[in-house]
Amino acid sequence: MENLSMDELTNQYYDVLKELGNIGAGNATTALAQMIGCKVDMSVPQVQLLDFSQLGDSLGSEEEIMVGIYLGVDGDISGSMMFIQKKVSAANLVNKLMCGMLGVVDETIIHAEFGEMECSAIMEVGNIITGAYLNALSTLTNLKIYPSVPQLAIDMASALLSVPAVEFGLFADKILLVQTKFSDDIELDGHFILIPDMESYEKILKALGVM
């Protein structure tokens, strides 16, 4: 079998990958709603296949402080995944989990340190929603997918993206970015970044019956 190129992937299977992104994000939203104990609405996710060089622009300013949950993916497919959001959005999520203990969350939180309790809460959120995303992918494809222990980082977007950049350089010339807006009384931006290796793209598409 000839190796699948990313150009072919872009042209022939983009709609399938978009649907995967939609379902994964929907599953993650349901898990989030159960976790914080209230209804969470989700806008239609924006799904893009991007060159890695375009990723920073899609997330906003590269100097913006973001919170990233990064994990490796193994099993029938391999690669990595990141859930990333603005620090103020992460703070709002944590505040809901901690029943308002952070007080009023506004842009000033960007310059504040998250303590051990806040970081633990962010890790728990990231763990559950990335797990829910990967479970949806596993259920759809009937592939075994095992996430590694997630790692948390709070830094400028450019610094956070240097982590998947290392993985990215090994795997492919494009990545799958799913931008999701969650909201209940406030809007929360989140980005899922999925970087399977090329062989894994083929396995996913074969499992879905489109190759």
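1. The largest cavity in this predicted model has a volume of about 70 Å³. Its lining consists of Val67, Ile69, Phe83, Gln85, Ala90, Leu93, Val94, Ile122, Val125 and Gly126. Strands β3 and β4 and helices α3 (87-97) and α4 each give at least two residues to that lining. By class, eight of the lining residues are nonpolar, two are polar and none is charged.

2. The second largest cavity holds about 40 Å³ of space. Leu17, Leu20, Tyr133, Leu137, Leu176, Leu194, Pro196, Tyr201 and Ile204 line this cavity. Two or more of these residues come from each of α1, α4, β8 and α6. The lining of the second largest cavity has nine nonpolar residues, with no polar and no charged ones. The count of cavities of 30 Å³ or more is two.

3. The largest nonpolar core has 32 residues, and Leu32, Met81 and Phe192 have the most contacts inside it. At least two core residues are supplied by each of α1 (6-36), β2 (46-51), β3 (65-75), β4 (79-86), α4 (116-141), β7 (174-183), β8 (187-196) and α6. Helix α1 provides the largest share of this core, seven residues. In soluble globular proteins, nonpolar side chains tend to be buried together.

4. Which residues does Met81 touch, leaving out those up to four places away in sequence? Contacts are found with Ile69, Tyr70, Leu71, Val73, Thr130, Tyr133, Leu134, Phe192, Ile193 and Leu194. Of these, Ile69 also appears in the lining of the largest cavity, while Tyr133 and Leu194 appear in that of the second largest.

5. A second core, separate from the one above, has 13 residues, among them Leu50, Leu59, Met66 and Leu160. Leu160 deserves a caveat: helix α5 (residues 157-171) has the lowest confidence in the chain, at a mean pLDDT of 67. Where pLDDT is low, the predicted coordinates should not be read in detail.

6. In helix α6 (residues 198-207), the buried residues are Met198, Ser200, Tyr201, Glu202, Ile204 and Leu205. Tyr201 and Ile204 are also in the lining of the second largest cavity. Just after α6, Gly209 has a positive phi of about 75°.

7. On confidence overall, the chain has a mean pLDDT of 77, and 74% of its residues are at 70 or more. Strand β5 (residues 145-147) has the highest confidence, with a mean of 91.

Conventions:
Residues are numbered from 1 along each chain as its sequence is written. This is a predicted model: local features need pLDDT of at least 70, side-chain atom pairs count only at pLDDT 80 or more; totals for chains, interfaces and linings use all residues. Side-chain values use heavy atoms; hydrogens and water are left out. pLDDT is the predictor's confidence in each residue, from 0 to 100. Helices (H or I, at least four residues) and strands (E, at least two) are DSSP runs, numbered from the N terminus. Buried means under 20% relative accessible area, exposed over 50%, partly exposed in between (1.4 Å probe, protein chains only). A nonpolar core is a set of buried Ala, Val, Leu, Ile, Met, Phe, Trp, Tyr and Cys residues joined through side-chain atoms within 4.5 Å. Contact means heavy atoms within 4.5 Å. On a 1 Å grid over the protein atoms alone, a cavity is a set of points where a 1.4 Å probe fits but cannot get out, and a pocket is an open set with protein on both sides within 12 Å along at least five of seven lines; lining residues have an atom within 4 Å of a point. Grid points are joined across faces, edges and corners, and a volume is the space filled by probe spheres set on the points. Ala, Val, Leu, Ile, Met, Phe, Trp, Tyr, Cys and Pro count as nonpolar, Asp, Glu, Lys and Arg as charged, and the others, Gly among them, as polar.
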